[in-house]
Amino acid sequence: MKGVNRLLNQDFMEYGNVIINSRYYPNNWLPYGTISGDTSLGLVITTTMAYTFDRCFEMYKVGSNNTGMSQTINFGYDIAGLDFDIGMWIRIHTQTGDSGIKLSYKWLDSSGTIIGSQVTIDSLTATQNYTLSSVSAVTAPTNAQRIWLGVETIGSDQPMLAYVDSPYIYGGKTYGLKIYDTSGDSSIILPEASSIIASGTVTMPNILQDDGTYGVDIDLPGDDYIDMDRIGVMVQARDFDWKAIVNILEYDTGNKFWGNFFGDSGISIPYYEKAPDGVMTEWEAGAMTPGTQATYNRLINVSPFTGWETFTTSVKKVRLFAGIDYTFLKTAAGGTGTYTLYGRDYGISTLADVGYMLGTEQGDVERYYEYVSLVDFPLCLWGPHSKFDISIIHANGSETSLDTDVAAVDVAQTYAAVADKESSYNATWACPGYGAWVSSDRLKFVLKVNGTFSSAWLSTYNWSFSRTFITPQLNWTSLEATTWTLYRYIWFHRDGISGYGRVRTYWGATKEMKATNISADYAGSAAQQVFSIGDDGISEVDYMIYLKDYDGS
Amino acid sequence: MGYGLKVRDTSGNTCVLTPDVKSIISAGTVKIPTVLRPDNTYGVNIPLPGTTAYSEDDIGVLVKARDYVVGGYTIAWVSGLAVGEWAFAKWLLNGGVFWTRNESTGVVSSFAEAIYHDTIYNIHPEAFWDKLGETTFNYIRLFAGLAFEIYDASASDYLKIYDLGRITTIDYVIYLRNL
C-alpha cells in the first residue's frame, strides 16, 4: 500500500475561487508572501507546460517581491511517529541571478502553530526541466496534527519563470479494505477508487432526440445530479456501416479501374452536422451532376466515432454518442444566422463561471429556483422584478460586459394582493453587437430577480437572487447589433397573511428562459465534418460508466 | 472460490471481491498537449498513487480519442477526363508538420513530406498507453494523434505518420491492482 495523496485538488482540476492579479488559483490552495504586481502567479490551463493532466501552476517573478502558494492538511488527530513522503515536480524555464523556487513543509499542532522549524525540501536557482523535489519517510514530531506544504519564488533578481505540478503528501495511517488470498496476494479497496455502475451493449437509434441532439441516455444511480468530475465513460463502436458512393473510372481499355469516393446524396437517413451544443442538422451531399464539379463532395476520410457528452457539470444521465465520422470536401460560404437561445436543465462550466446551459434547442426537463421568504413575511409588496446582465466569456476566463440590468420587467405592486400567480414576462434589449468575437467566445446571461417581502403589519425587507446561463463556445466570427427579446418565467405563492411567500423562476422546458433574435456571423469552410447514425452509422455500442463516491443506491 | 469478500443485496445477488480485482484509480477526460515533451516524446501524463513504481502487469489502461478535427491533406483534381469524371488525388499537406514515432521508445521525429508525392490512403485518430519502453511506471503516458497511413514515395514503402495536436481531448480509464 503506497497510500493516497493527502493533498486536496493536487491535480489543480478545480479552480477559480481565488483570483490575484487577474490570475486564477486552484481551489484549496492559498497565496502567501508579498502579493504585488512583481509576482504574477496562477493556474495555467495548458498542456504545453503541465507535467501531469492538462494544467499546472505558473510562477513568474518580475520584481524583487516573492510569493507562493500553500496548502495545509489538517488530519484532525495526532500524527506523531507516522511517516510521510512529500514532493512536487518543478520546472524552471527562465532564471536570473539568485532567483529561483523553494519547496518546503512545516509540521503544525492542532492550533496551527509550527513545531520546530520550516524544512526546505529544495531551493532551486538554475533552469531545469520537470524534476521531482521530494523527501521520503519523514517522521511527524510529537503533537503534530497538520502538515503545511508551500512552494514560492525566492531571491531578489528577476525575471524568473517556473512551473510546478503534481504535489503530493503520501503516508500516515492507511485505510481501506484489504483482501488476501491464500498465496498472500492482496488488494485494497479504497474510497478513491471508482466503481463500474453501468456497462453493456446498447442499440443506437435511427432518429434524433426531441431536442435535436443524438444518442442514448444511460440513467445514473439515485435521483441527485452527479458532479461530472466523479464520472468516467468509455464507449466503443460494436457494429457499424458507412455510406458513400464510389465513382469508377475505367482506363487501359477497361483493364484498370480508378475508384474515387464521394458523399451519397441518396441515402434514406442523411448525414448530420453536429453543433457545439450537440444539436444535429441534416446535411445533404451534392448530387454528382455530370459537368458540375461543385456537386461532387469528395470523401477525405471515414472512421467510427464514439463518445459521451460533456456539456454539463452535473448530470442524472450520461449521453452516449456514436456515429460514422466523415470529412467531405465542400466549400461552404460564411454567412449570418439568427438564433434563439434556451436555458436548459443541466449545468455548464467555463474557466471562471458555472451556470446552466444555454442551447439553441428548447429542452423538456423543467427546473426552477425557489426563494422562500422569512417566516410571516408572505406578501410580495414589490416585484418580483427581473432583468438581465449580458456578457461575453473569453477562453482565458476574462469577461466583456455587453450591458447590465437590461430587458427589465417591473411589475410594481401587481403581486401584492394575490396568493398565487405565475406568468412568462418578456422585454426587449438592443444588443450593441461585438465585432471582436472569436470562435471560442461564449455568451453569458445572468437573470436577476428581486423584490420586497412584507408582513401583515407592513414590516418589509428586500430580497434578491440570480441564476446564470452560459452557452458552449459558439464558433461565431461576429455578434450583430439586433434587438433581442428576453423571456423569463416567474411564479409566486403565499401561504396566507402569515407563513411564507415563495418566488420561483423556471427554465428548461415550456416555462422557459430564452432570448430570441440573436444574430451572428459564422465563417465559411472548405470541408464538412458530418455523421451518419443508427443503421446507417453505428448501430450498437459497448460501454462502461465509472462513478467515484458511489453510494450504493 | 474459497476466499474474498462477498457483497450481497436484498435480492440475493452477490459479487466477490478478490485480490485479482483491479481498482479504477483514475478515469475521465483530459486535454492533449500541442507540443512535444522535452525528451521528444508526446502525450499527457496521468499520475499513479504513491511514490514507488507499479509493474506493467498490475496496470490496465483504456484510451480513446474524444474530439478531433481532420486536416493535413491536399487535394488535386485530375484534369482531362470525360464530363462527370472528377477523379482526384489526396496528398500530405504541403507545409504540414508530421511525425514518425519510434515504437520502442516513444520518441517522435519529424517527417519531411515529398510535395505532391506522398499519397494518403487513410486518416484516423489513434490513442493508446505509450509505455515509452518501460516496464514499471510512476505515471501513465497517454498518446493521441491523428494517424495518416501513406505511401512514402521517397522510400517506396507504406508508412504511418502522425499529425499531433489535432486531437484535443481523450477519454481514459486506468486500473490498478496490488494497491
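Of the 179 residues in chain B of this predicted model, 49% are buried, where buried means under 20% relative accessible area, exposed over 50% and partly exposed in between (1.4 Å probe, protein chains only). The surface that chain B exposes comes to about 8000 Å², with carbon and sulfur atoms supplying 50% of it; such areas are computed by the Shrake-Rupley method with a 1.4 Å probe, and for residues only the protein chains shown count as cover.

Chain B has 15 strands and 0 helices; helices (H or I, at least four residues) and strands (E, at least two) are DSSP runs numbered from the N terminus. The radius of gyration of chain B is 22 Å, well over the 16 Å given by the globule rule for 179 residues, so chain B is more spread out than a compact globule. That radius is taken over C-alpha atoms, and the rule is 2.2 Å times the number of residues to the power 0.38. Along the principal axes, the C-alpha atoms of chain B fill a box of roughly 75 × 40 × 25 Å. Among contacts in chain B with a separation of 6 or more, 64% join residues 24 or more positions apart, a contact being heavy atoms within 4.5 Å.

Chain A is assigned domain 1 (15-171), domain 2 (196-332) and domain 3 (338-523), with bounds from an automatic or database domain assignment. The centres of domain 2 and domain 3 of chain A, taken over C-alpha atoms, are 35 Å apart.

Most residues other than glycine have a negative phi, and most peptide bonds are trans. The table lists two cis peptide bonds of chain A.

| Cis peptide bond | Omega | Place of the proline |
|---|---|---|
| Gln158(A) to Pro159(A) | about 5 degrees | Pro159(A): loop between β11 (146-154) and β12 (160-171) of chain A |
| Gly383(A) to Pro384(A) | near 5 degrees | Pro384(A): strand β29 (residues 379-393) of chain A |

Asp405(A), a residue other than glycine, has a positive phi near 55 degrees. Asp405(A) is placed in strand β30 (residues 399-409) of chain A and counts as partly exposed because its relative accessibility is 39%. In chain B, Leu132(B) also has a positive phi, near 55 degrees. Leu132(B) sits in the loop between β11 (119-130) and β12 (136-137) of chain B, and its relative accessibility of 17% is why Leu132(B) counts as buried.

Residues are numbered from 1 along each chain as its sequence is written, and chains are lettered from A and ligands numbered from 1 in the order in which they are written. Local features need pLDDT of at least 70, side-chain atom pairs count only at pLDDT 80 or more, and totals for chains, interfaces and linings use all residues, while side-chain values use heavy atoms, leaving out hydrogens and water.
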